[in-house]
Amino acid sequence: MSKDFYAALKARRSIYGISKEEIVSYEKIQEIIEAAVKHTPSAFNSQSARILLLLGKQHDTLWDITKEALRKIVPENAFAPTEEKINSFKSGYGTVLFFEDETVIKDLQTQFALYKDNFPIWSHHASGMVQLVVWTGLEAEGLGASLQHYGALIEEQVIQKWNVPTTWKLIAQLPFGKPTADPGEKEFKPLDERIKVFK
């Protein structure tokens, strides 16, 4: 790992300018994802996170599917900016798709009925943690990424195309690649308005 945890966390930003140039091997990316899925916590140790890693032409196909899905709902005279945005994701090296396995969640709801309303919420908490760990891991290796949410629009096609179990709920997509542009300035609200400490 080329950066320590806090440096990588600080550097992790939404990077929209990315390219297909290989700066990290497929094997290293898989290693990052495997470590994140294995070691990121989840409520009741449910381990409900599921990942689909798309590389090469598979990555390109995902964004072609997304573009065509958007073409059906975005007016033609307003489509150019949408197409440009999707093409920027497609220009990357790969995409990580984050899912939650609803079978796991439903089983927990049955086993622990007292908490049944909380398990879907906790599932999203766990997914968010996996997303951050993967994103930070990719940043530590010099890759730029941005988190996208086209789930409902493309979920059915993703399930069919890559033979994903229908119990996997698509939560987010993380296109990544070699950064070709710096992120904009980020403003931070005062920490004393966001954190309270009592001693």
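On a 1 Å grid over the protein atoms alone, a cavity is a set of points where a 1.4 Å probe fits but cannot get out, while a pocket is an open set with protein on both sides within 12 Å along at least five of seven lines; lining residues have an atom within 4 Å of a point. By this rule there is one cavity of 30 Å³ or more.

The model is predicted, with local features needing pLDDT of at least 70 and side-chain atom pairs pLDDT 80 or more, whereas totals for chains, interfaces and linings use all residues. Residues are numbered from 1 along each chain as its sequence is written, and side-chain values use heavy atoms, without hydrogens and water.

The largest cavity is lined by Ala 43, Ser 46, Ser 48, Ile 105, Leu 108, Phe 119, Trp 122 and Ser 123. Helix H6 (a DSSP run of H or I, at least four residues, numbered from the N terminus) gives the largest share of this lining, three residues.

The second largest pocket is lined by Leu 9, Lys 10, Arg 12, Arg 13, Glu 185, Lys 186, Phe 188 and Arg 194. The two spaces are set out below, with Ala, Val, Leu, Ile, Met, Phe, Trp, Tyr, Cys and Pro counted as nonpolar, Asp, Glu, Lys and Arg as charged, and the others, Gly among them, as polar; a volume is the space filled by probe spheres set on the points, which are joined across faces, edges and corners.

| Space | Volume | Lining residues |
|---|---|---|
| Largest cavity | about 40 Å³ | five nonpolar, three polar, no charged |
| Second largest pocket | about 200 Å³ | two nonpolar, no polar, six charged |

Terms used
Helices (H or I, at least four residues) and strands (E, at least two) are DSSP runs, numbered from the N terminus.
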